Each structure stands twice: as C-alpha cells, then as structure tokens.
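Visitor: I should like to take a close look at a single part of this protein chain. Please guide me through it with care.

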Amino acid sequence: MQIRKAVIPAAGLGTRFLPVTMSVPKELLPIVDRPLLQYVIAEAVEAGVEEVIIVTSSGKESISDYFQPHPIIEQRLTANGDDSLLAKVTEAGNLAKVSFVIQHEALGLGHAVLMAKDAVGDEPFVVILPDDIIAHSPGAISQMVQVSEKMDAGVIAVEA
C-alpha cells in the first residue's frame, strides 16, 4: 500500500537550540535559504507523500503561517517581475497538502504521533523528525519506503 501521509512532530520546546528558539521555532531555523521543515517535507514528497500532518503546540503559530499564502509579498514580487524569488516564496505551500494538529500538553514523541491519529486514519504513514537532515539521493524516506514495500513491514531508521 502506498504511503501518502507523513506526521511531523513539531511541538517541542527546541531546548537544544536555546536561546534562539525562544523567538523562532526550531523547525523554522534556516539552512541556507529554507527552514529545516521545508527540507524534510520536500524529502517526504520525493518519497510519494502527498499529505503532511504537523503536530505543533501553542506558541508555534509561525509554523502554520509559513505555509500560508503571503499575498502582499507575492503581489510585490509579481509586480517587480522577480519570478525566481516568487517561486521560492510559494514553494513551501505547493509541496504537499499540509495540515496541523495541536498537542496541548507535552507528553513526549509517542503522544505527539498519537495526536495525528484522526488525520492519518487507517493508512500507513511515515514519521519524520524535522531536525535531522540527511542529504542523499534518493532520500532516506524514499529508501525506507522501498524497504517497507519489499519486506511488507514497518521500518525504522536510527542515527548513530
């Protein structure tokens, strides 16, 4: 069965990156010109994921804001003929269908994934931790999906 959904837990406090995460969620910290979160969603899309469920918490509204249209910026870039920058601004919102679930109480990673249960339904899905970037082609998620399909079993990747 094709894996069409991904769950990304993003409700934590980002304590490893304090003090910057007091104002910017860890998932939106930039790597070059894109946030961590955009890289992992692009990797998921490469693996066939069509829908991403981000589990977030109160105070991290900027994550959902990032995936919304920005009409004023987009209009300005269009008027200025800056098509390449416009493409970068709209890229995140066009990668996949992105929805959000709120984890009201920090009860750990397993609980965060459980919070996405209704959004996932009875489909197989991947869980992606947004602060681990693996630069490889094909991406780690694609490789894991291939192994899962071949073995007809769940797959877990670990980092040493």
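In which loop does Val32 lie, and what may be said about the backbone there?

Guide: The model before us is a predicted one. Val32 is found in the loop between β2 and β3, the latter covering residues 34–35. The phi angle of Val32 is positive, at about 60 degrees, although this residue is not a glycine. As for its surroundings, Val32 has a relative accessibility of 77%; because exposed means over 50%, Val32 counts as exposed.

A second residue may be set beside it. Asp152, in the segment after α7, has a positive phi near 50 degrees and is likewise a residue other than glycine. The relative accessible area of Asp152 is 72%, so this residue is also exposed.

The backbone holds two further features of interest, and these concern peptide bonds. On the other side of β2 from Val32, the loop between β1 (5–9) and β2 (30–31) contains Pro19. Leu18 and Pro19 are joined by a cis peptide bond, for which omega is about 10 degrees. Another cis peptide bond links Ser137 to Pro138, with omega at about 0 degrees. Pro138 belongs to the loop that runs between β6 (125–127) and α7 (140–151). The helix α7 thus offers a convenient landmark: Pro138 is placed in the loop between β6 and this helix, while Asp152 is placed in the segment after the helix.

To return to the part you asked about, Val32 combines a loop position between β2 and β3 with a positive phi and an exposed setting.

Methods
Residues are numbered from 1 along each chain as its sequence is written. This is a predicted model: local features need pLDDT of at least 70, side-chain atom pairs count only at pLDDT 80 or more; totals for chains, interfaces and linings use all residues. Side-chain values use heavy atoms; hydrogens and water are left out. Helices (H or I, at least four residues) and strands (E, at least two) are DSSP runs, numbered from the N terminus. Buried means under 20% relative accessible area, exposed over 50%, partly exposed in between (1.4 Å probe, protein chains only).
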